[in-house]
Amino acid sequence: MSSDGDEFSLHTATHTEHGPTDEILDDDSFQDHRPRLLIMGLRRSFVNFQVWDFPGQEFPFNPVFDVQEIFGEYGALIFVIDAQDDYTEALARLHEIMIHAYGINRDLAFEVFIHKVDALSDDYKLDTQRNIHQRTMDALSDAELEIEPRFHLTSIYDHSIFEAFSKVIQKLIPQLPTLENLLNSLCATSGIDKAFLFDVNSKIYIATDRAPVDMQTYEICSDMIDVIMDVSEIYRPINEEAQNAGGRAEGNGAAETTNSSVMMDRADDAAATIKLTNGVVLALKGVNRFLALVCILRAENYGKHGLLEYNFQCFKQAIAEVFEVKRLSTERLRQESLRISAEANPQG
């Protein structure tokens with residue numbers, strides 16, 4: 001994540017089997033205090049982001065590893081379990097890691113991805129989740145540890161993996177309550193049924209309003225970003241005078257896309273709408289270089305263009321102020337660290 005003023009980004013990497021050993025969250029202004037994710041599991045782990053990915057065949061508490069470096073600075077640990085395999089060994093490793101890691105970093109959030117559930121029936125998915133949950137909580141109870149891990153059913157063949165990562169990331173964002181309140185206010189004053197604040201590149205939503213999230217709604221909003229990115233590549237303006245280039249996007253009953261000259265590499269200028277055949281409108285508005293607001297509303301409410309635009313500009317300004325506070329706080333922390341370092345090493 002980058003928070004330089006109005007910048008707030010999750011950087012994605014090419015899909016790899018075991019993933020690069022790099023941070024998912026990147027604060028260029030002060031790298032020693034950035035939140036991190038650690039993904040662990042047995043050999044069949046799946047990673048689709050830049051993260052610290054600990055190989056499953058290694059035991060992290062081996063004396064050759066610096067356990068403080070591995071667990072001390074992270075905000076969340078994600079353990080991946082293959083739901084299609086015998087996960088007895090994986091659970092034993094999970095329980096051992098949780099017990100040891102908690103002793104090093106009590107602020108560490110534990111997230112369990114029950115992965116590859118696409119081949120399982122709905123009933124078997126729930127049975128698997130209940131079994132893993134129960135066995136994990138029993139192990140923690142035996143160890144007398146008050147840890148509350150979260151369990152997520154995930155697959156690469158739908159949006160569940162993005163939904164799970166969204167929930168993990170949200171837990172690490174200190175500004176989340178403020179962002180949620182801003183989205184609640186925007187929806188209430190604009191007649192918006194559901195709104196997501198997306199990181200455009202990763203399609204992870206970092207916040208949403210209080211209305212319940214259902215997978216179908218999330219999927220259609222996420223897919224809109226793909227549609228707009230594809231259309232923007234086709235109708236990309238050659239120069240600044242070509243901003244009114246037009247185009248069409250079709251699929252799944254969705255009708256026309258307006259302002260398809262949107263350039264997602266300039267997300268702060270992005271604006272697009274897709275009108276579905278059932279009268280529902282999907283609207284996308286760029287918030288800053290990396291964030292976009294994607295919302296669902298009825299056609300009659302979308303017709304109030306003046307009100308919507310005014311409310312969105314207020315929302316956009318508020319988001320900028322939220323991250324400006326974060327930037328200033330990070331800068332003060334960096335300056336204080338430099339001062340302490342200089343006093344400790346005056347000859348440096």
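This report describes a predicted model of one protein chain, moving from its overall make-up and confidence to a set of strands and helices.

## Overall make-up

The chain has 348 residues, of which 48% count as buried, and its secondary structure consists of eight helices and 13 strands. Its accessible surface comes to about 17,100 Å², and carbon and sulfur atoms contribute 48% of that area. Among the contacts with a separation of 6 or more, 64% are between residues 24 or more positions apart.

## Confidence

The mean pLDDT of the chain is 76, with 70% of the residues reaching 70 or more. Confidence is highest in strand S7, at 96, and lowest in strand S1 (residues 12-16), where the mean is 30. Over residues 1-33 the pLDDT is below 50, although the model gives this stretch 104 contacts beyond near neighbours in sequence. A further stretch, residues 46-50, also stays under 50, and for these residues the model has 30 contacts beyond four places in sequence. Where pLDDT is low, the predicted coordinates should not be read in detail.

## Strand S5 and its pairing with S6

Strand S5 covers residues 76-82, and because seven of its seven residues are buried, the strand is largely enclosed by the rest of the structure. In a regular strand the side chains alternate between the two faces of the sheet. In S5, Ala 76, Ile 78, Val 80 and Asp 82 point one way while Leu 77, Phe 79 and Ile 81 point the other way, and all of these residues, Asp 82 included, are buried.

S5 pairs with strand S6 (residues 109-115) in the parallel sense, over seven bridges. Ala 76 stands opposite Ala 109 in S6, and Ile 81 stands opposite Ile 114 in S6. Between S5 and S6 the chain passes through helix H2 (residues 88-104), and this β-α-β crossover is right-handed.

## The loop before S6

The loop between H2 and S6 contains Asp 107, which is exposed, with a relative accessible area of 70%. Although Asp 107 and Tyr 74 are 33 residues apart along the chain, their C-alpha atoms are separated by 8.6 Å.

## Strand S6 and the step to S7

In S6, too, seven of the seven residues are buried, so this strand is largely enclosed by the rest of the structure. Both of its faces are covered, with Ala 109, Glu 111, Phe 113 and His 115 buried on one side and Phe 110, Val 112 and Ile 114 buried on the other.

S6 also pairs in the parallel sense with strand S7 (residues 150-154), over five bridges, and Glu 111 has Arg 150 as its bridge partner in S7. Together with helix H3 (residues 122-142), S6 and S7 make a right-handed β-α-β unit.

## Helix H4

Helix H4 runs over residues 160-171, and at 1.5 Å a residue its 12 residues should span 16 Å, which agrees with the 17 Å between its end C-alpha atoms. Of those 12 residues 10 are buried, so the helix is largely enclosed by the rest of the structure.

An α-helix has 3.6 residues a turn, so residues three or four places apart point the same way. The buried residues of H4 form a nearly complete list of the helix, including Ser 160, Ile 161, Phe 162, Glu 163, Ala 164, Phe 165 and Ser 166, together with Val 168, Ile 169 and Gln 170.

Key: Residues are numbered from 1 along each chain as its sequence is written. This is a predicted model: local features need pLDDT of at least 70, side-chain atom pairs count only at pLDDT 80 or more; totals for chains, interfaces and linings use all residues. Side-chain values use heavy atoms; hydrogens and water are left out. Buried means under 20% relative accessible area, exposed over 50%, partly exposed in between (1.4 Å probe, protein chains only). Helices (H or I, at least four residues) and strands (E, at least two) are DSSP runs, numbered from the N terminus. Two strands pair if DSSP finds at least two bridges between them. A crossover is right-handed if, with the strands pointing away from the viewer, the path from the first strand over the helix to the second runs clockwise. Contact means heavy atoms within 4.5 Å. Accessible areas come from the Shrake-Rupley method with a 1.4 Å probe; for residues, only the protein chains shown count as cover. The expected span of a helix is 1.5 Å times one less than its number of residues. pLDDT is the predictor's confidence in each residue, from 0 to 100.
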